[in-house]
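Dear colleague,

I am handing over the structure below, together with some notes on what turned up when I went through it. Please read the notes with the coordinates open beside you.

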Amino acid sequence: QVQLVESGGGLVQAGGSLRLSCAASGTIVRVNAMGWYRQAPGKQRELVAVSTSGGSTNYGDSVKGRFIVSRDNAKNTVYLQMNSLKPEDTAVYYCNADIGTRWYGGTSNYWGRGTQVTVSS
């Protein structure tokens, strides 16, 4: 059983910063991509940022230059530093990871339950 637990969401004023964390726990043999998605009311879930096991990163266009994704592989944890926040960043932020639980075989995709980020104008 694998669990992803997010923390760090909350209410912040426009222009402020927040740091999200997501820790993976359970029977984990390897972690490939880890990252963040978000979903605002009435909108589809969208990519925010992802970090691969090889160290490359990919960002959604709306957050490039403002958000930074990083990870601590020893702790199976991914972080999202969000700077210069805007009201349109308001959403539920979900952690996502590709995790292998056996030495042989592929990975499965897991989601966290989400953490609310609200940016006031």
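**Strand pairing and salt bridges**

Within S5, Glu-46 is the bridge partner of Arg-38. Please keep in mind that this is a predicted model, and that everything described here was computed from it.

The pairing of Arg-38 with Glu-46 belongs to a longer contact, since S4 and strand S5 (residues 46–51) run antiparallel and are joined by 5 bridges. These two strands form a hairpin with 6 residues between them, in which Gly-42 takes a positive phi near 80 degrees. On its other side in the sequence, S5 pairs with S6, again in the antiparallel sense, over 3 bridges, and here the partner of Ala-49 in S6 is Tyr-59. S5 and S6 also form a hairpin, with 5 residues between the strands, and Gly-55 in the turn has a positive phi of about 100 degrees.

Turning to the charged side chains, the structure holds 4 salt bridges. One of them joins Asp-89 to Arg-38, with the closest N and O atoms 2.9 Å apart. Because Asp-89 lies in the loop between strand S8 (77–82) and strand S9 (91–100), while Arg-38 belongs to strand S4 (residues 30–39), this pair ties together parts that are 51 residues apart in sequence. Asp-89 and Arg-38 are both buried.

Asp-89 also meets Arg-66 in a salt bridge, at 2.8 Å from N to O. This pair, too, links distant parts of the chain, as Arg-66 sits in the loop between strand S6 (57–59) and strand S7 (67–72), and the two residues are 23 apart. Arg-66 is buried, as is Asp-89.

What are Arg-38, Glu-46, Arg-66 and Asp-89 linked in? These four residues are linked in a network of salt bridges, so that Arg-38 and Glu-46, already bridge partners across S4 and S5, appear again among its members.

A further salt bridge is formed by Asp-61 and Lys-64, whose closest N and O atoms are 3.1 Å apart. Is Asp-61 buried or exposed? With a relative accessibility of 65%, Asp-61 counts as exposed, because the cut-off for that term is over 50%. Asp-89, by contrast, is buried.

If you open the model at Asp-89, you can follow its salt bridges to Arg-38 and to Arg-66.

With best wishes

Notes:
Residues numbered from 1 in each chain as written. Predicted model: local features only at pLDDT ≥ 70, side-chain atom pairs only at ≥ 80, totals over all residues. Heavy atoms only, no water. Helix = DSSP H or I, 4+ residues; strand = E, 2+ residues; numbered from the N terminus. Buried < 20%, exposed > 50% of the residue type's maximum accessible area, 1.4 Å probe, protein only. Pairing = 2+ DSSP bridges.
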